Amino acid sequence: MTASPTSPTSPASPTPPASLPAVRLRVPTDEDARAWHEAFDDPDVMEFLGGPAELSLYEEFTARQRMHDAQLGFCLWTLLDAQGAVIGFTGAQPWPQEKAWGPVGEIEIGWRLGRSAWGKGYAYAAALATLERVRAAGIGHVVAMINDENRRSIAVAERLGMTLADRFLLPDGVRYGRRYVLALGPE
């Protein structure tokens with residue numbers, strides 16, 4: 001799927017520029033676990049997520065995303081550039097029930113890109129495509145949970161027209177996070 005240069009239906013949504021990078025989203029494959037591991041095996045990419053993770057985490061993670069897609073019609077999709085290279089993921093998933101904090105029961109939109117894809121508009125273009133897909137799946141609103149220091153992700157959320165709903169202390173008891181919300185239509 002190629003992201004279209006149309007904005008989500010929301011009065012607060014800005015009009016995106018006419019030129020967005022071409023992106024495709026696909027349900028993660030077994031092979032994508034390795035591609036995600038490679039793209040995210042960078043301390044800067046994982047700065048707000050506890051640092052780089054082992055391949056086994058991505059094997060479980062991609063399997064869970066395939067289950068979400070089969071059950072819900074959406075997931076964290078593998079993000080491909082125009083040449084078909086894996087550059088990260090974007091999509092939406094339910095906030096995990098097993099987490100003792102956060103918006104349990106809410107649908108969280110998210111994105112993570114390898115460093116080589118930073119600053120080129122991929123996160124925004126892919127997030128727009130994600131919003132189209134979750135809206136089509138009947139989701140009325142989404143949230144984004146972002147570390148207070150993650151300026152790049154905050155910029156994407158705000159560019160999407162998301163509204164800051166609250167700021168909260170993260171489970172580490174030291175840093176803060178932000179919960180952004182975006183209405184996608186009637187709930």
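The exercises below, each with a worked solution, concern a predicted model of a protein chain.

**Exercise 1. Describe the overall make-up of the protein chain: its helices, its strands and their order.**

Solution. Begin with the elements: the protein chain has four helices and seven strands. Next, follow them along the sequence, where the pattern reads β-α-α-β-β-β-α-β-α-β-β. Then turn to burial: 46% of the 187 residues count as buried. The exposed surface comes to about 9100 Å², and carbon and sulfur atoms supply 52% of it. Last, take the contacts with a separation of 6 or more: residues 24 or more positions apart account for 61% of them.

**Exercise 2. Find which elements build the largest nonpolar core, and which of them gives the most residues.**

Solution. The largest nonpolar core has 36 residues. Those with the most contacts inside this core are Ile109, Trp111, Val142, Leu160 and Met162. Two or more residues each come from β2 (76-80), β3 (86-94), β4, α3 (122-136), β5 (141-147), α4 (151-159) and β7 (176-183). Of the elements, α3 gives the most, with 10 residues. A second, separate core holds 11 residues, among them Met46, Tyr58, Phe61 and Leu76.

To see one core residue in detail, take tryptophan 111. Leaving aside neighbours within four places in sequence, tryptophan 111 is in contact with Phe89, Thr90, Ala123, Ala127, Ser153, Val156, Ala157 and Leu160.

**Exercise 3. Work out what surrounds glutamate 108, and whether this residue is buried or exposed.**

Solution. First, place the residue: glutamate 108 lies in strand β4, which covers residues 107-113. Second, check burial and charge. Glutamate 108 is buried and has no salt bridge. The nearest side chain of opposite charge belongs to lysine 99, 6.2 Å away, while a salt bridge needs a nitrogen and an oxygen within 4 Å. Third, look for another partner: the side chain of glutamate 108 reaches the backbone nitrogen of methionine 145 at 3.4 Å. Finally, list the contacts. Not counting residues up to four places away in sequence, glutamate 108 touches Gly91, Ala92, Gln93, Trp95, Val143, Ala144 and Met145.

**Exercise 4. Explain why threonine 62 counts as buried, and name its contacts.**

Solution. Threonine 62 sits in helix α2 (residues 55-72). Its relative accessible area is 0%, so threonine 62 is buried, the limit being under 20%. The side chain of threonine 62 reaches the backbone oxygen of glutamate 59 at 3.2 Å. Beyond residues up to four places away in sequence, threonine 62 touches Pro28, Thr29, Asp32, Ala33 and Trp36.

One of these contacts, aspartate 32, has a charged partner: its side chain meets that of arginine 26 in a salt bridge (2.5 Å, N to O). Aspartate 32 is buried, at 2% relative accessible area, whereas arginine 26 counts as partly exposed, at 31%.

**Exercise 5. Locate two salt bridges that link distant parts of the chain.**

Solution. A search of the whole structure finds 10 salt bridges. Take first arginine 115 and aspartate 44, whose closest N and O atoms are 2.1 Å apart. Arginine 115 is in the loop between β4 and α3, and aspartate 44 is in the loop between α1 (30-40) and α2, 71 residues apart. Asp42 joins Asp44 and Arg115 in a network of salt bridges.

Now take arginine 179 and aspartate 166, whose side chains meet at 2.7 Å, N to O. Arginine 179 belongs to strand β7 and aspartate 166 to strand β6 (residues 163-169), 13 residues apart. Arginine 179 is partly exposed at 24% relative accessibility, and aspartate 166 is partly exposed at 27%.

Terms used: Residues are numbered from 1 along each chain as its sequence is written. This is a predicted model: local features need pLDDT of at least 70, side-chain atom pairs count only at pLDDT 80 or more; totals for chains, interfaces and linings use all residues. Side-chain values use heavy atoms; hydrogens and water are left out. Buried means under 20% relative accessible area, exposed over 50%, partly exposed in between (1.4 Å probe, protein chains only). Lys and Arg count as positive and Asp and Glu as negative; His and the chain ends are not counted. A polar contact is a pair of N or O atoms within 3.5 Å; within protein, one must be able to donate a hydrogen and the other to accept it, and residues adjacent in sequence count only if both atoms are side-chain atoms. Contact means heavy atoms within 4.5 Å. Accessible areas come from the Shrake-Rupley method with a 1.4 Å probe; for residues, only the protein chains shown count as cover. A nonpolar core is a set of buried Ala, Val, Leu, Ile, Met, Phe, Trp, Tyr and Cys residues joined through side-chain atoms within 4.5 Å.
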